[in-house]
Structures are given as structure tokens and as C-alpha cells.
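Q: I'd like a close look at one part of this model, please: the ligand site. Walk me through it in one go.

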Amino acid sequence: MNKSIIIETERLILHRLVQTDFDNLRNILRDEEVMYAYEGAFDDTEVQEWLDRQINRYENDGIGLYAVTLKASSEFIGQCGLTMQDYNNSKVMEVGYLFRKEFWHQGYATEAAIACKEYAFNKLGVDKIYSIIRNTNTASQKVAERNGMVMIDQFVKHFKGVEMPHFVFLVKKEDYEK
Ligand SMILES: CC(C)(COP(=O)(O)OP(=O)(O)OC[C@H]1O[C@@H](n2cnc3c(N)ncnc32)[C@H](O)[C@@H]1OP(=O)(O)O)[C@@H](O)C(=O)NCCC(=O)NCCS
């Protein structure tokens, strides 16, 4: 299995998820509070589907959500990465993040999200990066703002039978370079 390092920051390493990350993923994805934006915790089948989806994304899109580990201890603290999402009848590249609660409020999500944005601009040649965030998810919106993004639009997503208004955040390479 290819546990290749994709991105390294001052405190973090982002690597591709592999099957042996299942238990770590399970820890995050079955936490009701972390999974609030997804309308609740996942069961084991949904965790495996989530992992399979990332592995398929690496193969098909060359990107996906990555495991985020601490450089200092190798501890798995969350996920952050790049995925293709539907917006305005086309596919856009999104930076997304989910972290274990014990590691919130230490700037890790922002550090990982900025690194993913820079990877997309500098290594993948993309000129726009989005984050599509539930209207009530203030913590995530603050990460987007710290990542240099501005809110440009909103729309309603239908998920698990619930109507969820979402805000669309965007940062353009030309603005990031200024
Ligand atoms: C979204 C989520 C990742 C944000 O986590 P977070 O801990 O708030 O974000 P950061 O890691 O960037 O931490 C920022 C906070 O750490 C503080 N901080 C401490 N040390 C810091 C440092 N060295 N650098 C930057 N910020 C630091 C900041 O002041 C900020 O404080 P605040 O939360 O009081 O504003 C987290 O809430 C989460 O996992 N939520 C569940 C999943 C989810 O909703 N994902 C998004 C779906 S769209």
C-alpha cells in the first residue's frame, strides 16, 4: 500500500489514507460532534465507504482527503485534503478538513488547509480553490477565512433528507499571490 507523504508543514504531515488508517478514521467519523456537518456519526460500513472513496479519488482524480499526523509524535489528528465537488453545474476543487476534538483550537486545521491550497496552486496548477460549508458551521468558516477565502455565494444541499444551506468560500491564486 502506498502511504506516500503528499504535504509537509511546520508541525504536520499529510499522507494518503490506507486501510490501516481504518481505526483512526473510525475514531473521527463516529463522533457525533465532529460529524455534525454530515448529519450524524457514521457506522463501520460508512467509515469503510468513506475510506474507499478517498482511495478511489487518489486513483481517479490524483487528490483526495489525506490523513493529518503530528510530526512530533506521528499521532493521527485529523483529515484535510482536496476533492472535486459539484458547484454551479461544474466540478470545482475544494479544500476540506475534519479534526479530532482533542486537537481543535490549536491552528492545525488552518495550517493544513493553507498547505493544501498552496499545493493546489503551486503543484497542481489550479487557479481557484473553494470550501463549501454549512451555514451554521462557524468554526469551519473561520478556517476558510484564515485560509484567505471570501464568501461568494450560497445554495441549499439536500443530504439525508435534510435541507442544508451552504456558503461557498473562494480564494483565487492571483489574490493569494498579492
Ligand atoms: C472545522 C474544524 C476543523 C476547525 O477546527 P479549529 O480547531 O477551530 O481550527 P484551527 O485548527 O484552525 O484552530 C483555530 C483556533 O486555534 C487557535 N490557535 C491556537 N494556536 C494556534 C496557532 N499556532 N496557529 C493558528 N491558530 C492557533 C486560533 O486562535 C483559533 O482559535 P478559535 O477557535 O478560538 O478562533 C473543526 O471544528 C472540526 O473538525 N469540525 C468538525 C468537522 C467539520 O465541520 N469540518 C468542516 C466541514 S465543511
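To get my bearings before we zoom in, in what order do the elements of the protein run from the N terminus on?

A: Quick caveat first: this is a predicted model. Starting at the N terminus, the order is β-β-α-α-β-β-β-α-β-α-β-β-α, which adds up to five helices and eight strands. On overall dimensions, the C-alpha trace spans about 40 × 40 × 35 Å along its principal axes. The radius of gyration is 15 Å, and that agrees with the value near 16 Å for a compact globule of 178 residues.

Now for the site itself. The ligand takes up the space of the largest pocket. Its shell has 18 residues, and the closest of them are Tyr 97, His 105, Ala 109, Thr 110 and Asn 137. If you sort the shell by class, you get nine nonpolar, six polar and three charged residues.

Where do those residues come from? Three elements supply at least two shell residues each: strand 5 (90–99), helix 3 (108–122) and helix 4 (138–146). Helix 4 is the top contributor, giving five residues to the shell.

For the polar side of things, look at the ligand's oxygen atoms. Two of the pairs involve the backbone: an N or O atom of the His 105 backbone is 2.5 Å from a ligand oxygen, while for Tyr 108 a backbone N or O atom sits 3.0 Å from a ligand oxygen. With Arg 146 it's the side chain that takes part, where an N or O atom lies 2.9 Å from an oxygen of the ligand. As for how wrapped up the ligand is, its accessible area on its own is 950 Å², and the protein covers 72% of that.

Terms used: Residues numbered from 1 in each chain as written. Predicted model: local features only at pLDDT ≥ 70, side-chain atom pairs only at ≥ 80, totals over all residues. Heavy atoms only, no water. Near = heavy atom within 4 Å. Polar contact = N/O pair within 3.5 Å; in protein donor to acceptor, adjacent residues only side chain to side chain. Areas by Shrake-Rupley, 256 points an atom, 1.4 Å probe, with all protein chains shown as cover. 1 Å grid on protein atoms, 1.4 Å probe; cavity = no way out; pocket = protein on both sides within 12 Å on 5 of 7 lines; lining within 4 Å. Sits in = over half its atoms within 2 Å of the grid points. Helix = DSSP H or I, 4+ residues; strand = E, 2+ residues; numbered from the N terminus. Nonpolar A, V, L, I, M, F, W, Y, C, P; charged D, E, K, R; others polar. Rg over C-alpha atoms; globule rule 2.2 N^0.38 Å.
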